[in-house]
Each structure stands twice: as C-alpha cells, then as structure tokens.
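Colleague: I am new to this structure and would like to go through it slowly with you. Could we put it on the screen before we start?

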Amino acid sequence: MNRTGALAVAALGLWGLGVVARVRGPSSEPTLDCAPGEVRMVEGIARCGTGEPPSAPQRLLLGQRLDLNRISEEDLARVPGVGASLARELVRTRARRGPFASWDEVASVPGVGSARLATLRAATELR
C-alpha cells in the first residue's frame, strides 16, 4: 500500500471513530441520583452520600457553579479565563465592599470586561 492509501485508511478509521463517539457520546442526563450539594468525593470519584465535598475545580468539572462571594482567590484563579491577577482583584474588591449583590458590581471591578463577565457568570453565582 502506498502512502496516500495508508493516509486514506487512517482518515476513514478516525472518521469512523468519530461517528461512533458521537452516537455513544455523553448524555445530558445526570449520572448521580442526588442533588449537587450532596455530591461527595471518594478516592477521586464523585458519589452521593458520605465523603469529602468536591473542591472548586472538581465542582466545575461536575458542572456546578461556584459562589463568587465565598470562593478563595486560589480557587477563583483556576477558573478558566480568570487568572491570578483578576482573581486577586475580585477578592480584594469583595473584601473592601462586601459581597457582590449584582453582576453590575462585578462588571465594575477593573479587569472585568464583557468576555470575562460572561465567563464569570457561566462558572459562578452570586448568593
């Protein structure tokens, strides 16, 4: 078989895997039968019941939103699109002014533009 034929076979194989993955892809149905607040981690696996509460990064992976008024600077910096300097500014502003009561208050923090505000709104909530 020549090089072109081998590439064609490889491309068809990858295409076939893509079709199978799409058909068997992840379901939008929850995999756990408990409320998000009841999810616990046991040896790195999310379960209902007893165990450690998930860390902020684990909660994001589980599709849970974080409380912007309680999250630590370190955990906030791990939110994709936020980074260390914005996390520091948000936590400092929160310490000075008190908890954020609205997204307009969050938008007034230096470094929060429309794109970052959208990221924050998707990953966090104001409680």
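**Two side chains, a hairpin and a core**

Modeller: To begin with one contact, a polar atom of the Gln-64 side chain lies 3.1 Å from the backbone oxygen of Pro-36, where a polar contact is a pair of N or O atoms within 3.5 Å, one able to donate a hydrogen and the other to accept it, and residues adjacent in sequence count only if both atoms are side-chain atoms. This is a predicted model, in which local features need pLDDT of at least 70 and side-chain atom pairs count only at pLDDT 80 or more, while totals for chains, interfaces and linings use all residues. Residues are numbered from 1 along each chain as its sequence is written, and side-chain values use heavy atoms, with hydrogens and water left out.

Colleague: Is Gln-64 buried or exposed?

Modeller: Gln-64 sits in the loop between helix H2 (56–61) and E3, helices (H or I, at least four residues) and strands (E, at least two) being DSSP runs numbered from the N terminus. Leaving aside residues up to four places away in sequence, Gln-64 touches Pro-36, Val-39, Arg-59 and Ala-123, contact meaning heavy atoms within 4.5 Å. Buried means under 20% relative accessible area, exposed over 50% and partly exposed in between, with a 1.4 Å probe and protein chains only. Because its relative accessibility is 13%, Gln-64 counts as buried.

Colleague: Which residue has its backbone oxygen 3.5 Å from a polar atom of the side chain of Asn-69?

Modeller: Asn-69 lies in the loop between strand E3 (66–67) and helix H3 (73–77), and its relative accessibility of 12% means that Asn-69 counts as buried. Beyond residues up to four places away in sequence, Asn-69 touches Arg-94, Pro-99, Phe-100, Leu-126 and Arg-127. The backbone oxygen at 3.5 Å from the Asn-69 side chain belongs to Arg-127.

Colleague: What phi does Glu-43 take in the hairpin of E1 and E2?

Modeller: Glu-43 is found in the loop between strand E1 (39–42) and strand E2 (45–48), and Glu-43 is exposed because its relative accessible area is 81%. E1 and E2 pair in the antiparallel sense over four bridges, pairing requiring at least two DSSP bridges between two strands. Although Glu-43 is not a glycine, its phi is positive, at about 55 degrees.

Colleague: Which helix gives the most to the largest nonpolar core?

Modeller: A nonpolar core is a set of buried Ala, Val, Leu, Ile, Met, Phe, Trp, Tyr and Cys residues joined through side-chain atoms within 4.5 Å. Among the 19 residues of the largest one, those touching the most other members include Leu-90 and Leu-120. Helix H4 (83–97), helix H5 (103–107) and helix H6 (114–123) each supply at least two residues of this core, and the one that gives the most, with four residues, is H4.
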